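Open the structure in your viewer and keep the selection panel at hand. This tour goes stop by stop.

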Amino acid sequence: MPKRPPKNAQNIHRLMRELGFTETFTAGIVSMLDTDFVADRLYGYLRNARPRSETAVADEVVAVFTDREKYRQKHIDDAIIARRTIVDSRR
């Protein structure tokens with residue numbers, strides 16, 4: 001079953017084109033968006049900062065993906081700690 005695109009993917013595409021980014025660059029960025037979290041963060045950045053360079057957008061994409069990975073890892077770590085706590089409490 002194909003994965004649905006994030007909610008804001010079309011809005012990001014439209015806004016990036018309005019900001020003057022090429023179709024190739026815009027399509028590449030939009031194709032990388034795999035979660036609503038990432039898309040929402042990028043859309044907020046584009047709407048508020050209104051960047052003019054591809055470098056600025058690319059840097060923000062890296063930052064958003066880094067934040068998402070930290071968030072994901074925190075939840076994994078929390079689950080591991082919770083499991084250890086349950087196991088330790090049974091001893």
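What follows is a walk through helices, their packing and their charged pairs in a predicted model.

**Stop 1: helix H1**

Select residues 9-18, which form helix H1. Show side chains. Which residues of H1 are buried? Ala9, Ile12, Leu15 and Met16 are. These four span an arc of only 130 degrees around the axis, so they sit on the same side of H1. Turn to the face of H1 away from that buried side. Here you find the exposed residues Gln10 and Glu18.

The spacing of such positions has a simple background. An α-helix has 3.6 residues a turn, so residues three or four places apart point the same way.

Now step just past the end of H1. Select glycine 20 and read its backbone torsions. Its phi is positive, at about 100 degrees.

**Stop 2: H1 against H2**

Add residues 23-32, helix H2. The axes of H1 and H2 are 10 Å apart, and the packing angle is about 155 degrees. Are the two helices parallel or antiparallel? They are roughly antiparallel, because an angle over 145 degrees counts as such. Their crossing is right-handed.

Color the contact residues next. On the H1 side, select Ala9, Ile12, His13, Met16 and Arg17. On the H2 side, select Glu23, Phe25, Thr26, Ile29 and Val30. Ala9, Ile12 and Met16 were among the buried residues of stop 1.

**Stop 3: H1 against H3**

Hide H2 and bring in helix H3, residues 36-49. H1 and H3 also have an axis separation of 10 Å, with an angle of about 25 degrees. That value is under 35 degrees, so H1 runs roughly parallel to H3. The H1–H3 crossing is left-handed.

Which residues meet here? From H1, pick Asn11, Ile12, Arg14, Leu15 and Met16. From H3, pick Ala39, Leu42, Tyr43, Leu46 and Arg47. Ile12 and Met16 belong to the H2 contact as well.

**Stop 4: tyrosine 43**

Stay in H3 and center on tyrosine 43. Is this residue buried or exposed? Tyrosine 43 has 14% relative accessibility, so it counts as buried. Show its surroundings. Leaving aside residues up to four places away in sequence, tyrosine 43 touches Asn8, Asn11, Ile12, Arg14 and Leu15.

Put a distance label between the C-alpha atoms of tyrosine 43 and asparagine 11. It should give 7.5 Å, for a pair 32 residues apart in sequence.

**Stop 5: the loop after H3**

Move along to arginine 50, in the loop between H3 and H4. Check its phi. Most residues other than glycine have a negative phi. Arginine 50 is not a glycine, yet its phi is positive, at about 45 degrees. At 38% relative accessibility, arginine 50 is partly exposed.

**Stop 6: salt bridges**

Finish with the charged side chains. How many salt bridges are there? The count is six. Visit three.

Start with the pair of aspartate 67 and arginine 41. Their side chains form a salt bridge with an N to O distance of 3.0 Å. Aspartate 67 is in helix H4, residues 54-89, and arginine 41 is in H3, so this pair ties together parts 26 residues apart in sequence. Aspartate 67 is partly exposed at 31% relative accessibility. Arginine 41 is partly exposed too, with a value of 31%.

Next, select arginine 72 and glutamate 69. The salt bridge here has an N to O distance of 2.8 Å. The two lie three residues apart in helix H4, which means about one helical turn separates them. Arginine 72 has a relative accessible area of 41%, which makes it partly exposed. Glutamate 69 is partly exposed at 33%.

Last, select aspartate 78 and lysine 74. Their side chains meet in a salt bridge at 2.7 Å, N to O. This pair is four residues apart in H4, and about one helical turn lies between them. Aspartate 78 counts as partly exposed at 35% relative accessibility. Lysine 74 also counts as partly exposed, at 46%.

Methods. Residues are numbered from 1 along each chain as its sequence is written. This is a predicted model: local features need pLDDT of at least 70, side-chain atom pairs count only at pLDDT 80 or more; totals for chains, interfaces and linings use all residues. Side-chain values use heavy atoms; hydrogens and water are left out. A salt bridge is a side-chain nitrogen of Lys or Arg within 4 Å of a carboxyl oxygen of Asp or Glu. Buried means under 20% relative accessible area, exposed over 50%, partly exposed in between (1.4 Å probe, protein chains only). The arc is that of the directions from the helix axis to the C-beta atoms. Axes are lines fitted to C-alpha atoms, for helices over the stretch in contact, and angles run from 0 to 180 degrees between N-to-C directions. Angles under 35 degrees count as roughly parallel, over 145 as roughly antiparallel, 65 to 115 as roughly perpendicular and the rest as oblique. A crossing is left-handed if the near helix is turned anticlockwise from the far one by less than a right angle, and right-handed if clockwise. Contact means heavy atoms within 4.5 Å.
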